[in-house]
Amino acid sequence: MTATPASADPRQACAGELAEHGPSWLARAFLAVDRTRFVPGRVWLPEPGSDGLFPVLDREQDPDAWQAAVYELRRPLITQMDDHRTPSEGPARGRFTSSISALRVVAAQLAHLDLHPGHTVLHIGTGTGYDSALMAERTRAHRILTIETDRQLAGTARRNLDASGYGQVRAAVGDGELGWPEGAPYDRVLSTASATRVPPAWIAQTVPGGIIVTPYRGLALLRLAVADDGKSASGPVVDAVTFMALRGRRGGEAPDMRAVIKAQLADAEKSRTDADLSPVRSELGAEFLLHALVPGIRIVFGGTTWWFEARDAASWAAWKPDGRVRQWGPRRLVDEAVLAVAAWRDAGAPALTDLGVTVGAGGECVWAHGPGGPAWPVRDA
């Protein structure tokens with residue numbers, strides 16, 4: 001077998017690009033940790049084919065395509081659908097329930113974590129174990145406690161870490177929202193699952209001045225610094241990311257509202273609005289603020305109509321760019337969206353990274369242009 005020249009090594013190429021956009025230790029860690037040891041032999045690509053199914057990459061059938069996907073900087077790989085109920089035997093349609101993040105996202109999270117030698121780390125969402133292995137290259141492996149709620153995933157990650165020389169990483173099975181008090185306090189907390197609310201346990205288990213990095217509400221990456229009182233934390237949105245929700249926060253399958261809407265369409269309340277909701281689709285700052293202030297909804301962007309659907313299926317609304325509105329149920333979802341977009345405009349139309357979050361005894365609030373700027377309490381989902 002002919003050895004691959006170093007210049008053609010995809011790991012070397014990725015390390016070079018990561019070195020340009022992150023701390024130098026991260027590129028060295030990337031070279032030290034063999035990512036192929038942490039990716040299953042069969043994974044789904046996250047983009048559906050023309051048949052609507054997500055294609056499978058099989059290492060045995062197409063090793064070159066599989067390896068190219070493993071080292072692609074901006075594409076995650078889906079490692080689980082429907083909580084193991086959908087086998088990875090071929091193309092499938094289902095709900096993504098676990099993945100190995102795109103390298104660009106892994107690098108962003110670890111760069112914002114500001115990890116230093118000697119730091120202790122609580123890692124929420126072990127997944128395949130790859131993130132923990134990278135962090136072990138920066139701080140000692142035994143200083144990392146990683147927790148995974150899925151026992152099968154946790155077992156696979158344990159084997160991956162052991163086989164790759166990171167057997168001293170401490171791993172546990174449990175509810176990541178509760179943290180792991182036995183190992184506290186931690187200098188850093190990293191979540192690789194999206195939080196709808198920042199769990200109080202994460203703050204309580206982090207040293208004052210410590211850093212919490214977590215995806216938030218499926219859209220933003222937060223970097224929070226824990227206050228001197230050890231009971232509150234605050235910080236900015238530092239990037240746009242998309243992550244699966246923490247297992248305890250993702251809820252059940254979103255109902256198919258088409259039949260519900262069809263049955264209720266004639267009885268829905270009709271009105272008009274002069275408000276322009278288009279920033280919800282074109283501006284990440286507006287989208288983020290809407291989901292913080294109008295929780296528990298999904299938006300389906302049709303060609304001529306936008307549908308706002310409550311995840312409990314109790315309310316829905318339709319908005320057309322010409323101002324026509326229909327709403328049904330106990331909530332008036334378009335009215336709520338109008339208020340959220342107005343708040344965003346009144347704050348100067350902040351970009352996503354102009355926003356941030358403060359968490360304390362009084363709950364959570366989103367702010368714009370710094371903690372002293374305009375602020376809004378986050379509503380429960």
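This is a chat about the sheet, the cores and a few unusual residues of a predicted model.

Colleague: Let's start with the sheet. What is the order of its strands?
Modeller: The order is β7-β6-β5-β8-β9-β10-β11-β17-β18-β19. That makes an open sheet of ten strands, with mixed pairing.

Colleague: Which strands are at the edges?
Modeller: β7 and β19. Each of them pairs on one side only.

Colleague: And what is the average twist from one strand to the next?
Modeller: The twist averages 20°.

Colleague: Let's zoom in on β6 and β7. Do they pair in the parallel or antiparallel sense, and over how many bridges?
Modeller: Parallel, over four bridges. β6 covers residues 144-148.

Colleague: Which residue in β7 stands opposite Glu148?
Modeller: Val173 does.

Colleague: Which helix packs on the sheet there, touching β6 and β7?
Modeller: Helix α6, residues 151-163. Its direction makes about 165° with that of β7.

Colleague: So what handedness does the β-α-β unit of β6, α6 and β7 have?
Modeller: It is right-handed.

Colleague: New topic: the inside. How many residues are in the largest nonpolar core?
Modeller: There are 52. Among the members that touch the most others are Val198, Leu277, Phe288 and Trp376.

Colleague: Which helix gives the largest share of this core?
Modeller: Helix α11, residues 333-346. Seven core residues come from α11.

Colleague: Pick Leu277. What is it in contact with, leaving aside neighbours within four places in sequence?
Modeller: Leu277 is in contact with Trp306, Phe308, Trp319, Val334, Ala337, Val338 and Val341.

Colleague: Where does the other core lie, and how many residues does it have?
Modeller: It lies apart from the largest core and has 45 residues. Leu57, Trp66, Val70 and Tyr71 are among them.

Colleague: What do nonpolar side chains tend to do in general?
Modeller: In soluble globular proteins, they tend to be buried together.

Colleague: Now the oddities. Which peptide bond is cis?
Modeller: The one from Ala184 to Pro185, with omega near 0°. Pro185 sits in the loop between β7 (170-173) and β8 (186-191).

Colleague: Why point that out?
Modeller: Because most peptide bonds are trans. Most residues other than glycine also have a negative phi.

Colleague: OK, what is the phi of Asp114?
Modeller: It is positive, about 55°, although Asp114 is not a glycine. Asp114 is in the loop between α4 (103-113) and β5 (121-124).

Colleague: What about the phi of His369?
Modeller: Also not a glycine, and its phi is positive, about 60°. His369 lies in the loop between β18 (363-368) and β19 (375-377).

Colleague: Why does His369 count as partly exposed?
Modeller: Because its relative accessibility is 46%. Asp114 counts as partly exposed too, because its relative accessibility is 34%.

Colleague: Last one: His119. Buried or exposed?
Modeller: Buried, because its relative accessible area is 15%, and the cut-off is under 20%. His119 lies in the loop between α4 and β5.

Colleague: What does His119 touch, not counting residues up to four places away in sequence?
Modeller: It touches Asp114, Thr139, Arg143, Asp187 and Arg188.

Colleague: How many residues apart in sequence are His119 and Arg188?
Modeller: They are 69 residues apart in sequence. In space they are 7.1 Å apart, C-alpha to C-alpha.

Colleague: And which backbone nitrogen does the side chain of His119 reach?
Modeller: That of His116, at 3.0 Å.

Conventions: Residues numbered from 1 in each chain as written. Predicted model: local features only at pLDDT ≥ 70, side-chain atom pairs only at ≥ 80, totals over all residues. Heavy atoms only, no water. Helix = DSSP H or I, 4+ residues; strand = E, 2+ residues; numbered from the N terminus. Buried < 20%, exposed > 50% of the residue type's maximum accessible area, 1.4 Å probe, protein only. Contact = heavy atoms within 4.5 Å. Polar contact = N/O pair within 3.5 Å; in protein donor to acceptor, adjacent residues only side chain to side chain. Core = buried A, V, L, I, M, F, W, Y, C linked by side-chain atoms within 4.5 Å. Pairing = 2+ DSSP bridges. Axes fitted to C-alpha atoms, helices over the stretch in contact; angles between N-to-C directions. Right-handed = clockwise from strand over helix to strand, strands pointing away.
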